[in-house]
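Good morning, and thank you for joining this session. Please take a moment with the sequence and the structure before we go through some side-chain contacts.

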Amino acid sequence: MDRFPGASDDVWRGSTAAADGGFFTRALGTFHPRLGTPVRTNLLSGAVATVFMLAAMRFANGDAADVFAVVLTVAVTTLLLSYLVVIPALVLLRIRRPDVPRPYHVPFGTRGFLLCGALVYAWILIGSWSALFPGVLEQLFGIDYVFHDVRGVSRASFEAFSLGTVVVLLIVGVMGVAVARREGTARAATGEARTWGVSRRPRVA
């Protein structure tokens, strides 16, 4: 499975949740009987990471270190972009279901939680913009930023790869939702119960 510094736990939880929830197809929600890991999801994750690495080697004109830096940046960026949806979802859950027991507490109740959410979301917006369009904010504040010296590749190559990756992932996500809904409709029509997910995850001693 592809793992990157600082993002490995989130990537692991994300792929596990995807397999556990039966996204795309229930076939991806298969867990290893002894290790308890989502095998097919992990293999797919590794295959996708390999494809993007090969694409970076093709489109990012630079040495091995520059290519790795571009791929690492894009990997962290896509993880960061996911929180643009995660944070609002947390806020909605807190507002719509305030009585659900939670293992964590934020000072000053819901208002404190909303304030923290707003601050975090602001930083995520800034970080996402800086990751997708590096150097723009620096120029806005009069900070010298020579793109090729910092990134090791041209701006055109970097933007083509990073924005292309985001577009591809959005398309894949839409396809996944469509497939999941189609399978859900088929199960509802046949009266099949939802049997995958946590109930299918084997216990690991």
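**Aromatic pairs and other contacts**

With a relative accessibility of 25%, Phe133 counts as partly exposed (buried is under 20% relative accessible area, exposed is over 50%, and partly exposed is in between, with a 1.4 Å probe and protein chains only). Before I continue, please note that this is a predicted model, in which local features need pLDDT of at least 70 and side-chain atom pairs count only at pLDDT 80 or more, while totals for chains, interfaces and linings use all residues. Residues are numbered from 1 along each chain as its sequence is written, and side-chain values use heavy atoms, with hydrogens and water left out.

How many aromatic pairs are there? The count comes to 3, where rings of Phe, Tyr and Trp (its six-membered ring) pair if their centres lie within 6.5 Å, and planes under 30 degrees apart count as stacked, over 60 as edge-to-face and the rest as tilted. One of them joins Trp129 and Phe133: the centres are 4.6 Å apart and the planes meet at 45°, a tilted pair. Trp129 is itself partly exposed, at 41% relative accessibility.

Phe147 and Phe158 form another pair, with centres 5.6 Å apart; their planes stand at 65°, so this pair is edge-to-face. It links distant parts of the chain, since Phe147 belongs to helix α6 (residues 147-151) and Phe158 to helix α7, 11 residues apart. Helices here are DSSP runs (H or I, at least four residues), numbered from the N terminus. Both Phe147 and Phe158 are buried, and together with Tyr145 they make up one aromatic cluster.

Let us stay with helix α7, residues 155-190. Which residue forms a salt bridge with Arg155? The partner is Glu159, with the closest N and O atoms 3.4 Å apart; a salt bridge is a side-chain nitrogen of Lys or Arg within 4 Å of a carboxyl oxygen of Asp or Glu. The two residues are 4 residues apart in α7, about one turn of the helix. Arg155 is partly exposed, at 29%, whereas Glu159 is buried, at 12%. The model has 1 salt bridge by this rule.

Finally, helix α4 covers residues 109-132. Its end C-alpha atoms are 34 Å apart, which agrees with the 34 Å expected for 24 residues, the expected span being 1.5 Å times one less than the number of residues. Among its buried residues are Phe113, Ile124 and Leu132.
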